[in-house]
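Q: I'd like to go through the cysteines in this one before I plan anything at the bench. Can you take a look with me?

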Amino acid sequence: MRSLRGGAAVVVAFLLGGGSAAAAPPVPDPSLLPSGAVAAPPEPTEQRVLCAELPDAPDDPQVPAAQRILDFASVWPITRGEGQLVAVIDTGVRPHPRLPEVSPGGDFVTSGDGTDDCDAHGTLVAGLIAAQPRPESGFSGGAPGVKLLAIRQSSGHFADRSRSDDDAARNASGYGDVRTLAMAVRRAAALGATVINISEVACRNVVEGLADGPLGAAVQYATEVEDAVVVAAAGNLDSCSGGNPGSVDPAAPGSDPWDSVVTLASPAWYDDYVLTVGAVEDDGTPADYSLPGPWVDVAAPGSVSVSLNPGTGGLADRVPGPQGARPVSGTSFATPLVSATVALVRAHHPQLNAREVMARIEATAHQPAEGWNPRVGYGVVDPLAAVTAPLPAQREIPAAPVPVAEPAAPPPPDTRPRTVALVASAAVVAASVAGLALASPALRRARGRA
């Protein structure tokens, strides 16, 4: 994850009776939204460090652990993310034989178009989203059917031309800050991105605060006006010093987690407008380097092993850094795995708006026992469940009763046998009576003779 420079304090409230400070969820100010001007650095820049070169990593048929855990391939018979435009706001995305067409989105570092990448970071991120599968390779991106929009807004190899070499040495983060990130988000949304991946973060101590008003306005604009899902890294502790509590205090289960924030992270902390991603290890445990916070929504594996090498047509298993190349791991690389999941959901459920997609990703994640925590949010994302879980309107509803015709009245009973029997009985009785009547005189005469 690339670290950006922050700004002055703007949102910190001091607690009465003490010297500590408490954070509050930031409220965007739409009046601070950057203009939609042509992409360009705010001041003249120059390159001061040669572009990074990485050796090729082995490419074998074994599927890397991160892709195996999330099992993107199980979703591909349903959708591969077709129709989605994913903006990668990073150090640029260099075209690669295994990437789909990369559309230039602009460059806020120099006079490029976003399709150059001196730092390798942006191309590694893009590969995790959209790298095309190959039969002989186990590596692929999570949503190989998407299109990519490349926007370069930061680089460790460039600097403000007006700053001296001494200043550049003291500010080793290079060029790019919350200003350029805000402009890049506005541009990505205006160019029609349905998913915006931000594997970058600006961190400040809560006492110092963050002057990131334009960035807050930009993510609000992207979500509410342009209906884009903004996916952002939570931050790494090596660049965001002073971590936040990693769990809810069991002695105060109802306490507000914002009260214990030590380090702010932007744009991650704009929780209403950003899907913020923490990192886990391959066994699902929270990664020690992942910055916790009340804004963390979901998590994904952060140790991704390999991705695309921007300097060759192969793969890379290292990422350049100020202290030399290091393994490809961090919340930077967990984030594109979630962006790929978002693209799959948006492709299969185009009727859902940005907020509904974010809620769906959270609801289908593998939740921790407590339901939510500051390290992994609502849990590790599940691409197949996110795509296939029944929507509220699709859940099984009891069938309406089938109308049944009122039963017909039973036919009247057949009384003919009874009538015949009664008539016959009456005839017998009548005959007997008649017989007795006729026989009575004879009987009386017989008794008289006797």
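Q: Let's start with C203: is it buried or exposed?
A: In this predicted model, C203 has a relative accessibility of 12%, and because buried means under 20%, C203 counts as buried.

Q: And what is C203 joined to?
A: C203 is joined to C240 by a disulfide, with an S to S distance of 1.8 Å. This pair links distant parts of the chain, since C203 sits in strand 10 (residues 200-205) while C240 is in the loop between strand 11 (229-233) and strand 12 (263-266), 37 residues apart.

Q: OK, what about C240, buried or exposed?
A: C240 is buried, its relative accessible area being 0%.

Q: How many disulfides turn up in the whole structure?
A: Searching the whole structure gives two disulfides, and with bonded cysteines counted along the chain, the pattern is 1-2, 3-4.

Q: Which cysteines make the pair with C51?
A: C51 forms a disulfide with C118, and their sulfur atoms are 1.8 Å apart. C51 lies in the loop between strand 4 (45-47) and helix 1 (65-70), whereas C118 lies in the loop between strand 6 (102-107) and helix 2 (121-130), so the disulfide ties together parts that are 67 residues apart in sequence.

Q: Switching to accessibility there, what are the values for C51 and C118?
A: C51 has 32% relative accessibility and therefore counts as partly exposed, whereas C118, at 1% relative accessibility, counts as buried.

Notes. Residues numbered from 1 in each chain as written. Predicted model: local features only at pLDDT ≥ 70, side-chain atom pairs only at ≥ 80, totals over all residues. Heavy atoms only, no water. Disulfide = S-S within 2.5 Å. Helix = DSSP H or I, 4+ residues; strand = E, 2+ residues; numbered from the N terminus. Buried < 20%, exposed > 50% of the residue type's maximum accessible area, 1.4 Å probe, protein only.
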